[in-house]
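This report describes the fold of one protein chain, with attention to one of its helices. The sequence and structure are shown first.

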Amino acid sequence: MSLGGMMRLALSGAALVNGVPHTVSGLRGQPFPTPFADPPGQGLSSPVVNVAWGMSNLALGTWLHRGTRWRSERIAFAVGAVGMGLLLARVFGANPRLSGRKR
């Protein structure tokens with residue numbers, strides 16, 4: 001598999017993992033940070049914006065993942081998914097408004 005194909009699948013995993021918290025927060029009616037908030041990625045966006053952003057990430061991740069057949073492709077996908085999951089856990093876990101911790 002080419003490096004471009006591996007990058008495509010890593011981005012697929014990252015987009016799919018990133019879509020989950022945005023979609024879930026929006027469906028629960030809770031604000032959550034998006035790139036459209038002020039400041040970007042730190043301020044809170046409305047539930048409607050989060051559903052739209054989450055669904056677009058899920059659609060992109062699904063589209064990028066099409067045609068996956070080989071083991072090396074699944075590994076690239078997993079690397080992207082785990083990497084995005086760890087990044088989101090670190091960023092959102094450090095934000096007291098989102099983690100439930102007091103300052």
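The sections below go from the overall fold to helix 2, then to the core and the loops.

## Overall fold

The model is predicted. Its protein chain contains four helices and two strands, and the order of these elements from the N terminus is α-β-β-α-α-α.

The chain has 103 residues, of which 30% count as buried. Its exposed surface comes to about 6500 Å², with 67% supplied by carbon and sulfur atoms. Among contacts with a separation of 6 or more, 59% are between residues 24 or more positions apart.

## Helix 2

The 19 residues of helix 2 should span 27 Å at 1.5 Å a residue, and the end C-alpha atoms are indeed 27 Å apart, so the two values agree. The buried residues of this helix are Asn50, Gly54, Asn57, Gly61 and Leu64. Viewed down the helix axis, the buried residues of helix 2 lie within an arc of 95 degrees and therefore line one face. An α-helix has 3.6 residues a turn, so residues three or four places apart point the same way.

The cover over the buried residues of helix 2 includes helix 1 (3-27), strand 1 and strand 2. On the face turned away from the buried side, helix 2 carries the exposed residues Val48, Thr62 and Trp63. Just after the helix, Gly67 has a positive phi of about 75 degrees.

## Asn57

Asn57 is located in helix 2, which covers residues 47-65. Is Asn57 buried or exposed? Its relative accessible area is 9%, under the 20% cut-off, so Asn57 counts as buried.

Leaving aside residues up to four places away in sequence, Asn57 touches Ala15, Leu16, Asn18 and Gly19.

## Nonpolar core

Which residues make up the largest nonpolar core? This core has five residues: Ala14, Phe32, Met84, Leu88 and Phe92. Helix 3 (residues 71-93) provides the largest share of the core, with three residues. In soluble globular proteins, nonpolar side chains tend to be buried together.

## Cis peptide bond

Asp38 and Pro39 are joined by a cis peptide bond, with omega at about -5 degrees. Pro39 sits in the loop that runs between strand 1 (32-33) and strand 2 (44-45). Both of these strands are also part of what covers the buried residues of helix 2.

Notes. Residues are numbered from 1 along each chain as its sequence is written. This is a predicted model: local features need pLDDT of at least 70, side-chain atom pairs count only at pLDDT 80 or more; totals for chains, interfaces and linings use all residues. Side-chain values use heavy atoms; hydrogens and water are left out. A nonpolar core is a set of buried Ala, Val, Leu, Ile, Met, Phe, Trp, Tyr and Cys residues joined through side-chain atoms within 4.5 Å. Buried means under 20% relative accessible area, exposed over 50%, partly exposed in between (1.4 Å probe, protein chains only). Contact means heavy atoms within 4.5 Å. Accessible areas come from the Shrake-Rupley method with a 1.4 Å probe; for residues, only the protein chains shown count as cover. The expected span of a helix is 1.5 Å times one less than its number of residues. The arc is that of the directions from the helix axis to the C-beta atoms.
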